[in-house]
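Work through the exercises below with the sequence and the structure side by side, and try each task before reading its solution.

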Amino acid sequence: MDDIGAELRRLAGADPLDPIDAPALLARAHRGRRRRRLLSAGGGVAGVAVVAIAASLLPNLNTADKQPAVTGTNAPATQSVQPDFTPVPGVPRGEAAAGVKLTLAEATRLCTLRYPQNKRPLRPNFFWSTTHTVPYAQQQGDRFAVCTIPGGDQPSNALVAAARRDPMPAEASAQLRNCSVLFWTDLRNWRVMASDMAPGRVTNLIAVSPSGRKYVNCALVPKPDGTATPAGSGPGIYAVDAGGRLKFDDHFAQWYVGYSQGCTGCETKYYNGTGRTDSNIARIRIAPVGSRNVHDITLHDGWFALSWFDPDPHGTGKVKLTAYDKNGNVLKVVHS
Amino acid sequence: MVDRDREYVEFVAAASGALRRTAFLVCGDWHRADDVVQDALYKLYRSWSKVDRGGNPLAYARRVVVNAALDSGRRPWRREVPIADLPADRALPGDHADEHAKRDEVLTALGALAPRQRACVVLRYYEDLSVEQTAQILGCSEGTVKSQVARGLETLRIAIDRARQTDRAL
């Protein structure tokens, strides 16, 4: 099937025309809207006149002997359904609000809205953006606490409860629902490009927005506390262009495939990472030095997500990474 | 510029190229594809706030474009036959036309498919959409998508193999 896709992409890649002029199209759309408004206003006046004439000709319209409507015994005919997301005051909806830089005052306002129980100020001298996680200021005796600055879509109680019931789902739609709850941004129509789950530990996921301009780096954990972890870099929504592609080399293995202890006091390792590398890499095999286990991750257009617990205690934490193309040919081997 | 307009312009700038490529594969003509996409994006502006709130303007625009591209072939004034392109068998080995000939062979095969069959193949193998998503866009059952894709693929594969054999022979 790949050859068909490749041929179609080759055919489509030879677009000989200039890009569509977006501002000109907008101007055309404005003209069309003005024209429609004029027409509908004229039509409306004519319609009102016709109705008024017809009503004046009908008998008994002015009599006052109508029975009042019965109230109190029945439920209203229409029942409002609670939307999945409601707007956050002062923040645009959806993708437009995600990963947007804020002042300290605006970040404080949004954190107070989301975590009203936390009265401490945010730590100054930081960078604040919607959907990013920032620390509160800490004085002696204070517990470390963070705020995941909300986007423009506040999830309903039903969505929050669903995410709590199933915090690490395997299905992409449920994963996106949970990430939406995490970032207060409706991500349900975003496209998952890569995901990897270490059961009972973390699901790492990358999804791209409908416009293709932004991506979310989301980490789902078994016991979510209403914040994305860790603070600072990592989970959040970013512009696709800003990230660029990571070169697949030893530096990549060293810096973008991290590891930590698999559990407290034991020698096992947990490996994780997310990002985007060369587009011709379809699969990466992670082989920890000293371990008998390997783990494969699939890439889509270079996007990768890794979340793997290696149960072999002999792994040193260093890794050998082998990149394969879509036909299974080895492209490159790198080491941390 | 108000937010709605800014978002619309950003969307058009980001998505129009991809939409035009999809429309071209469905209708087989770049200029017609360009018309179809511009018309679809123009109409999209009317319902932009509703579509944008829905969260997936690209999916909505894709549906409109694909159906408009399918429809464009049915309009009488679109039934002209292009005569400017040389047929594939005129291409001579050694000149730049041989690549064009290969492209033409696949393009011709694509054009030989029934319009909805072609749209199924394009959505499944160019846009990488699922059977379910393809069925939603085309307003048909998933079984129809599967059978149309299977037939379309067979035809295309024969054309591609033939093009490759011609390549090797040259």
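In this model, which is predicted, chain B has 170 residues, of which 37% are buried.

**Exercise 1. Describe the make-up of each chain.**

Task: State how many helices and strands there are in chain B and in chain A.

Solution. Begin with chain B, which contains eight helices and zero strands, so that its elements, read from the N terminus, run α-α-α-α-α-α-α-α. Among the contacts of chain B between residues at least 6 apart in sequence, 65% join residues at least 24 apart. Turn next to chain A, where there are seven helices and 15 strands, and where buried residues make up 33% of the 336 residues. In chain A, residues 24 or more positions apart account for 59% of the contacts with a separation of 6 or more.

**Exercise 2. Check the length of a helix.**

Task: Work out what span is expected for helix H2 (residues 30–46) of chain B, and compare it with the distance between its end C-alpha atoms.

Solution. The expected span is 1.5 Å times one less than the number of residues, and for the 17 residues of H2(B) this should come to 24 Å. The end C-alpha atoms of H2(B) are 25 Å apart, which agrees with the expectation. As for burial, the buried residues of H2(B) are Ala33(B), Val36(B), Val37(B), Ala40(B), Leu41(B), Leu44(B) and Tyr45(B).

**Exercise 3. Describe a helix pair.**

Task: Give the angle and the axis distance for helix H1 (residues 3–27) and helix H6 (residues 115–126) of chain B, and name the residues in contact.

Solution. Two packed helices are described by the angle between their axes and the distance between the axes. For H1(B) and H6(B) the angle is about 145° and the axes are 8 Å apart, with a crossing that is right-handed. H1(B) contributes Thr22(B), Leu25(B) and Val26(B) to the contact, while H6(B) contributes Arg118(B), Ala119(B), Val122(B) and Tyr126(B). Sorted by class, these residues are five nonpolar, one polar and one charged.

**Exercise 4. Find the buried side of a helix.**

Task: Identify the buried residues of helix H3 (residues 104–114) of chain A, and decide how they are placed around its axis.

Solution. The buried residues of H3(A) are Ala107(A), Leu110(A) and Cys111(A). Because they cover an arc of only 100° around the axis, they lie on the same side of H3(A). An α-helix has 3.6 residues a turn, so residues three or four places apart point the same way. What covers the buried residues of H3(A) includes strand S2 (133–135) and strand S3 (146–148) of chain A.

**Exercise 5. Examine two positive phi values.**

Task: For Trp184(A) and Asp301(A), decide whether each is buried, partly exposed or exposed.

Solution. Trp184(A), which is not a glycine, has a positive phi near 50°, and it lies in the loop between helix H5 (172–183) and strand S5 (191–198) of chain A. Since 20 or more C-beta neighbours are required for burial, Trp184(A) counts as buried with its 24 inside 10 Å. Asp301(A), likewise not a glycine, has a positive phi of about 55°, and its place is in the loop between strand S12 (295–298) and strand S13 (303–310) of chain A. With 15 other C-beta atoms within 10 Å, Asp301(A) is partly exposed.

Conventions: Residues numbered from 1 in each chain as written. Chains lettered and ligands numbered in written order. Predicted model: local features only at pLDDT ≥ 70, side-chain atom pairs only at ≥ 80, totals over all residues. Helix = DSSP H or I, 4+ residues; strand = E, 2+ residues; numbered from the N terminus. Buried ≥ 20, exposed ≤ 12 C-beta atoms within 10 Å, placed from the backbone. Axes fitted to C-alpha atoms, helices over the stretch in contact; angles between N-to-C directions. Left-handed = near helix turned anticlockwise from the far one by under 90°. Contact = placed C-beta atoms within 7 Å. Nonpolar A, V, L, I, M, F, W, Y, C, P; charged D, E, K, R; others polar. Arc of directions from axis to C-beta.
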